[in-house]
Amino acid sequence: MEFEIKIVNYTDRVKIKTIENTLMFLRSDYPNFISWFRTRVKIGLKKGTRKIYIAVPSENPTKIAGVLILKDESYEKKICTLCVLKEYQCHGIGSALLQQSINTLNTSKPLITVSSRYVEEFHSLFSKFKFDLFQEYPSYYLPEYIEYSFNAPIEQNFIGYIANA
């Protein structure tokens with residue numbers, strides 16, 4: 001399967017709404033997902049501190065196969081969302097999006113967190129890119145799940161941690 005990675009401009013309101021709708025299922029794992037997306041992501045896009053990339057299948061360029069949301073601040077280089085839709089998994093899209101994040105954030109070890117509900121799905125991808133489990137956070141978003149941080153702590157003011165050292 002061939003696909004293209006495209007950056008989404010903050011002025012493309014239709015595409016941003018489509019991305020929001022595509023990711024709507026994440027509210028069950030991240031209770032404040034919608035308000036976070038509508039405020040922090042949209043405002044960050046305009047300020048230039050957030051970036052959204054989408055993977056678009058060549059055979060159907062109106063579809064979204066994957067979404068990558070990045071936070072690019074001097075104090076934090078973070079993959080906020082990395083999602084490849086089920087029907088497009090195992091075609092290299094996750095690897096391409098992860099490589100895009102490394103290039104954009106200019107670090108080989110960006111922070112990313114994953115729920116215990118999905119951590120196994122990311123295992124081979126994180127191994128391929130040599131991501132390191134940093135810490136476990138029980139009940140961070142939901143009481144029944146652990147949130148795992150890779151490469152850095154969730155909270156960047158973690159004592160003794162130097163961001164992207």
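Which pattern does the protein chain follow, read along the sequence? I looked this up first. I read β-α-α-β-β-β-α-β-α-β-β along the protein chain. The count is 4 helices and 7 strands. Here helices (H or I, at least four residues) and strands (E, at least two) are DSSP runs, numbered from the N terminus.

**Ground rules**

I note that this is a predicted model, in which local features need pLDDT of at least 70, side-chain atom pairs count only at pLDDT 80 or more, and totals for chains, interfaces and linings use all residues. Residues are numbered from 1 along each chain as its sequence is written, and side-chain values use heavy atoms, with hydrogens and water left out.

**Whole chain**

I looked up the radius of gyration, which is taken over C-alpha atoms. The globule rule is 2.2 Å times the number of residues to the power 0.38. For 165 residues a compact globule would have a value near 15 Å, and the protein chain has 15 Å, so the two agree. I also noted the box that the C-alpha atoms fill, roughly 45 × 35 × 35 Å along the principal axes.

Next I looked up burial. Buried means under 20% relative accessible area, exposed means over 50%, and partly exposed is in between (1.4 Å probe, protein chains only). Of the 165 residues in the protein chain, 48% are buried.

The exposed area of the protein chain is about 9,100 Å², and carbon and sulfur atoms supply 51% of it. Accessible areas come from the Shrake-Rupley method with a 1.4 Å probe, and for residues only the protein chains shown count as cover.

I then took contacts, where contact means heavy atoms within 4.5 Å. Among contacts between residues at least 6 apart in sequence, 55% join residues at least 24 apart.

For charge, I recorded 21 positive and 17 negative side chains. The centres of the two sets lie 7 Å apart. Lys and Arg count as positive and Asp and Glu as negative, while His and the chain ends are not counted. The place of a charge is NZ of Lys, CZ of Arg, CG of Asp or CD of Glu.

**Cysteines**

How many disulfides are there by the rule? A disulfide is a pair of cysteine sulfur atoms within 2.5 Å. By this rule I get 0 disulfides. Cys83 is in none, and the nearest cysteine sulfur, that of Cys90, is 14 Å away. Seen from Cys90, the closest cysteine sulfur is in Cys83, and 14 Å is too far for a bond. Is Cys83 buried or exposed? I find Cys83 buried, because its relative accessible area is 9%. Cys90 has 82% and is therefore exposed.

**Strand β1**

I looked up two residues in this strand. Glu4 is in β1, residues 3–8. Its relative accessible area is 44%, so I enter Glu4 as partly exposed. Not counting residues up to four places away in sequence, Glu4 touches Ile54, Ala55 and Val56. Glu4 and Gly92 are 88 residues apart in sequence, and their C-alpha atoms are 11 Å apart.

Val8 lies in strand β1 too. With a relative accessible area of 7%, Val8 is buried. Beyond four places in sequence, Val8 touches Lys15, Ile16, Ile19, Leu45, Ile52 and Ile54. The C-alpha atoms of Val8 and Tyr53 are 5.8 Å apart, with their positions 45 residues apart in sequence.

**Helix α1**

Which helix holds Glu20? I found Glu20 in α1, residues 13–22. At 0% relative accessible area, Glu20 is buried. Leaving aside neighbours within four places in sequence, I list its contacts as Ile34, Phe37, Arg38 and Lys42.

**Loops**

I checked three loop residues. Asn106 sits in the loop between α3 (93–105) and β5 (111–115). Its phi is positive, about 60 degrees, although Asn106 is not a glycine. Asn106 counts as exposed, at 70% relative accessibility.

Lys130 lies in the loop between α4 (119–128) and β6. For Lys130, also a residue other than glycine, I noted a positive phi near 60 degrees. Its relative accessible area is 59%, so Lys130 is exposed.

Ser139 belongs to the loop between β6 (133–138) and β7 (146–150). At 40% relative accessibility, Ser139 is partly exposed. The C-alpha atoms of Ser139 and Ser115 are separated by 9.8 Å, and the two residues are 24 apart along the chain.
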